[in-house]
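Hi,

Here is the structure I promised to pass on. Have a look at it first, and then read my notes underneath.

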Amino acid sequence: MTTTLRHLAALTLAALPILGSTPAHSAQPTEPHRMTLAKAIDALPLAAEARDGYVRTAFKHWVDADHDRCTTRAEVLISESRTEPMVEGTCKVTSGTWFSYYDGQTLTNPKGLDIDHMVPLAEAWDSGASQWTPKHREAYANDLDAEQSLVAVTAKSNRSKSDQDPAQWLPPLADARCTYAADWTATKLRWGLAADRTEVAALEKVAGGCGRQEVEYVLAPEDTFTV
């Protein structure tokens, strides 16, 4: 896998001033769902997409949900650095070592990184998020509880991907595509998002070369559905 466990971030954050300890969303013990990639793709709800009314501001993102002075972007950078990151002032990440699994690049300057929403915000809107509450969309856009949801990658690869689904874009590094398909599918299942026919066909094509690649996900907390 390309990301380190999110709880490793706590080792670094412990050194920062803490203003509060409210979690991003309520703890809700749920057993993880595990299945092969092929079965996970079959489990995706099938529906046509519609982007009517989408604006990026419908998803409030890069918040400081737990009030520790670190935004979601900073939390991901800290968590995914393969060496101890340098964090200055009010949680400004200035250096570390990151592996961008989309294109196989290693970076030490966070300025060269974007934090990618595995399923882009516009794609999420198309696939069901247009019906969510603002609270649920905010939880989705700042999902630190699932490693697949947010990933630090080169700005070049993220901007090449933009808001495209796997029928339109796959990582340029061929060896990354099975992981990418699994992470994409896990994110959609976690959040109950649908997929259209061309998207499913593209995922199935990738899965055909992935052996028994597994998908694991936990359903998003139910309390984020309520206003």
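Below is what turned up when I went through it.

Before anything else: this is a predicted model. The mean pLDDT of the protein chain is 89, with 85% of the residues at 70 or more. The stretch to be wary of is residues 1–27, where pLDDT stays under 50.

Salt bridges are a good way in. The structure has 8 of them. One joins the side chains of E216 and R34, at 2.9 Å from N to O. That pair links distant parts of the chain, since E216 sits in strand β8 and R34 in strand β1, 182 residues apart. E216 is partly exposed at 38% relative accessibility, while R34 counts as exposed at 53%.

Another bridge pairs R159 with D114, again with 2.9 Å between the closest N and O atoms. Here helix α6 supplies R159 and strand β6 supplies D114, so parts 45 residues apart in sequence are tied together. The two ends sit in unlike settings: R159 is exposed at 59%, whereas D114 is buried at 12%.

Then there is E199 with K188, whose side chains meet at 2.9 Å, N to O. E199 belongs to helix α8 and K188 to helix α7, so this bridge ties together parts 11 residues apart in sequence. Both ends are buried: E199 has 0% relative accessibility, and K188 has 0% as well. Elsewhere, R51, D126 and D163 are linked in a network of salt bridges.

E216 comes up again at the second largest pocket, which has a volume of about 380 Å³. Its lining is made up of 16 residues, and A146, E147, Q148, E216 and Y217 lie nearest the centre. α7 and β8 each supply at least two lining residues. By class, the lining has 8 nonpolar, 2 polar and 6 charged residues.

Helix α3 (residues 72–80) is worth a look too. Of its 9 residues, 8 are buried, so the helix is largely enclosed by the rest of the structure. Among the buried ones are T72, V76, L77 and I78.

Last, some backbone oddities. Most residues other than glycine have a negative phi. W62 has a positive one of about 60 degrees, and R69 has a positive one of about 80 degrees. W62 is in the loop between α2 and α3, and R69 is found in the loop between α2 and α3 too. W62 is partly exposed at 26%, and R69 is partly exposed at 34%.

Cheers

Conventions: Residues numbered from 1 in each chain as written. Heavy atoms only, no water. Buried < 20%, exposed > 50% of the residue type's maximum accessible area, 1.4 Å probe, protein only. Helix = DSSP H or I, 4+ residues; strand = E, 2+ residues; numbered from the N terminus. 1 Å grid on protein atoms, 1.4 Å probe; cavity = no way out; pocket = protein on both sides within 12 Å on 5 of 7 lines; lining within 4 Å. Points joined across faces, edges and corners; volume = space filled by probe spheres on them. Nonpolar A, V, L, I, M, F, W, Y, C, P; charged D, E, K, R; others polar. pLDDT = per-residue confidence, 0-100. Contact = heavy atoms within 4.5 Å. Salt bridge = Lys/Arg side-chain N within 4 Å of Asp/Glu carboxyl O.
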